[in-house]
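Student: I should like to take a close look at one part of this model, namely the place where the two chains meet. Please describe it in a connected account and set it against the rest of the chain.

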There are 2 protein chains.
Amino acid sequence: MGPGVEFDTIRGLLARWGPLAQQLGDDAALLAPTAGYRVVSTDACVEQVHFWRSWLTPQEVGARAAAAALSDLAAMGASAESVLVSFVVPDDWRHDLGAVADGIAGPVRDAGAVIVGGNLSRGATFSVTLTVIGQAERPVTRAGARVGDVVVVTGVLGGPGRALGALLAGRSPEPWARARFAGPVPRLAEGQWLAAAGATAMLDISDGLAADARHLEAAGNVALVIDDARIPCGPGCTAADALASGEEYELLATLPADALERLRAQWPAGHPVPFTVIGEVRAAAHHEAAHREAAHPGARDTTRPAGHDHFGTP
Amino acid sequence: MGPGVEFDTIRGLLARWGPLAQQLGDDAALLAPTAGYRVVSTDACVEQVHFWRSWLTPQEVGARAAAAALSDLAAMGASAESVLVSFVVPDDWRHDLGAVADGIAGPVRDAGAVIVGGNLSRGATFSVTLTVIGQAERPVTRAGARVGDVVVVTGVLGGPGRALGALLAGRSPEPWARARFAGPVPRLAEGQWLAAAGATAMLDISDGLAADARHLEAAGNVALVIDDARIPCGPGCTAADALASGEEYELLATLPADALERLRAQWPAGHPVPFTVIGEVRAAAHHEAAHREAAHPGARDTTRPAGHDHFGTP
């Protein structure tokens, strides 16, 4: 890199990232050949769309953006390998860019990945777009759910939605809910355990359990029947709260019932993130029946209020 | 994908892209194992930074962004394979998004690549960030220039700088200059020919020949001595114009003098894009001498006005 304000800024980022950043400065990064599949995804975090500046520290902005992007690898059952970071930086964010970079470093380091490329531009609105590359021996898509499979979710739901509700109302979220909103954790190990156990379909909950269950239904041409009473809800959250809460970055997966034993064997004793069986997969032709069943307490299908829609919500 | 305005918009993009778009709708795309290196880069195009809306049609915005991103693969001597497209779309751009997508499709299709992922977000400022993935048998970095190598450039320089000068002055650029600014072409085949011929270092000219030559100098710890009289200049352009003109997306490479015969053999007869030998690589210790030589007509070194700097120019 030569002289100039842009290059000085990039050098500052590289100094902060240290050995976490590799290969930057060339036109493109090299990825050595691998025996298995590579998995790739891109995700943007935009000020005033995905967050308001008063809600998060600059470090949290970076950590949250990185976690959200890495979560797409978790959803495929992949491990994380390489990250590219593209910043658009207004003048009033320039002094916070280092803190954002520090925030990004956390989840990238925790995932065992490195930063191999990026882009830096001025712009009127702050955004950071992360492209993540991983590897999967047995990638799991959204499309493979089979009738008779069980439906499993990781973690405890409702926190991000509860925090967002408080923030939008001008209140301070409870600490646990705020932590879930500001510092989500990509479930990379859990996704690999689910894949190894035989998960047939998987995604990460970004739009809300209800909306994301519909994505699995559409991709697999099946119906997911979820038992409200079994949804793991955070303190003070109802099942309805948990179903609507987006940006959870927990995993929703289907797997054969006889794979549950393998999954329990994979899951380390005392692991702080639980998995919970919350329902089952039925034939799409039974969808109407599932609708009726939804009228009964304790069982509902997911053809109901949509979760997060980038074009429809602030 | 489920219902919702965002998903409807994505479905509209997929309908426009047709078979050019593959795998979209899952959390991440799969890339099958390859024998050689994969090459990956990300590049952003931001309204009011990289262009003003009055300068370009929406289709040109898309085509130019895709060409700029793919050019980073050309600079490594790679072929193009997969593209991910992340849009940030203000309300007043929503009706033009389809035309931007059509513009992106052109260079992606010409490059033989497919679109395998993306992201769509609202936002106050329009931007499109493209991540490009390619393959290279023999990737060429910026760092390998050796003393005695010749310096080669593709194409004819000066057009984008000339167009930008006119646009910033409120004048209409000449058609040839505007075409070079609005519709750059990534030199993918040319980059592979240069790599196959034995290029030791290479990059694409995005900051201007002078500034980018300094990048090769810094990466290779050498001096590039460029002969002004040999720089291929567009109509009405001086060597100084050509040295300062950014966003050319032509290739600047070094290669052993005895590789020129191989390069001529690679280059098809009648190929519309020429390559020109414009200088030679000297030891960095000779840099001072190069400086002196620059005072003589017909020889200058490149430690001179910097080209494009995203943080420093509009």
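Tutor: The model is a predicted one, and the account begins with the relation between its two chains. A turn of 180° with a shift of 0.0 Å along the axis lays chain A on chain B, and the RMSD is 0.0 Å. The two copies are therefore related as by a two-fold rotation axis. Within chain A, Thr125(A) has the C-alpha nearest this axis, at 2.9 Å from it. Both copies use the same surface, since 100% of the contact residues of chain A recur in chain B.

The contact between the chains draws 63 residues from chain A and 63 residues from chain B. On the side of chain A that touches chain B, the largest share comes from S2(A), which gives nine residues. Sorted by class, that side of chain A holds 30 nonpolar, 22 polar and eleven charged residues.

Strand pairing also crosses from one chain to the other. Strand S1 of chain A, residues 29–31, pairs with strand S2 of chain B, residues 37–46. The sense of this pairing is antiparallel, and it extends over three bridges. Within it, Leu31(A) has Arg38(B) of S2(B) as its bridge partner.

From strand S2 one may follow chain A onward into the loop that lies between S2 (37–46) and H2, where Gln48(A) is found. Gln48(A) is not a glycine, yet its phi is positive, at about 70°. Most residues other than glycine have a negative phi. Is Gln48(A) buried, partly exposed or exposed? Gln48(A) counts as partly exposed because it has 14 C-beta neighbours inside 10 Å, whereas a buried residue needs 20 or more.

A second residue with a positive phi may be set beside it, this time in chain B. Tyr249(B), also not a glycine, has a phi of about 55°. Its place is the loop between helix H8 (239–244) and strand S9 (251–255) of chain B. Tyr249(B) counts as buried, because 24 C-beta neighbours lie inside 10 Å.

Helix H2, which bounds the loop of Gln48(A), leads to a contact inside chain A. The domain assignment divides this chain into domain 1 (5–136) and domain 2 (150–301), and the C-alpha centres of these two domains of chain A are 26 Å apart. Their contact takes 18 residues from domain 1 and 19 residues from domain 2 of chain A. Helix H2 (58–74) and strand S3 (79–89) of chain A each supply at least two residues to the side of domain 1 that touches domain 2. The largest share of that side is from H2(A), with ten residues. By class, the residues on this side of domain 1 of chain A are twelve nonpolar, three polar and three charged.

These details belong to a chain whose secondary structure comprises ten helices and eleven strands. Of the 314 residues in chain A, 59% are buried. Among contacts in chain A with a separation of 6 or more, 86% join residues 24 or more positions apart.

To return to the part requested: the meeting of the chains takes 63 residues from each of chain A and chain B, and the copies are related as by a two-fold rotation axis. Strand S2 figures there twice, as the source of the largest share of the side of chain A and, in chain B, as the antiparallel partner of S1 of chain A.

Technical notes
Residues are numbered from 1 along each chain as its sequence is written. Chains are lettered from A and ligands numbered from 1 in the order in which they are written. This is a predicted model: local features need pLDDT of at least 70, side-chain atom pairs count only at pLDDT 80 or more; totals for chains, interfaces and linings use all residues. Copies are superposed by least squares on the C-alpha atoms of residues with pLDDT of at least 70 in both. Two residues are in contact if their C-beta atoms, placed from the backbone, lie within 7 Å. Domain bounds come from an automatic or database domain assignment. Helices (H or I, at least four residues) and strands (E, at least two) are DSSP runs, numbered from the N terminus. Ala, Val, Leu, Ile, Met, Phe, Trp, Tyr, Cys and Pro count as nonpolar, Asp, Glu, Lys and Arg as charged, and the others, Gly among them, as polar. A residue is buried if 20 or more other C-beta atoms lie within 10 Å of its own, exposed if 12 or fewer, and partly exposed in between; C-beta atoms are placed from the backbone. Two strands pair if DSSP finds at least two bridges between them.
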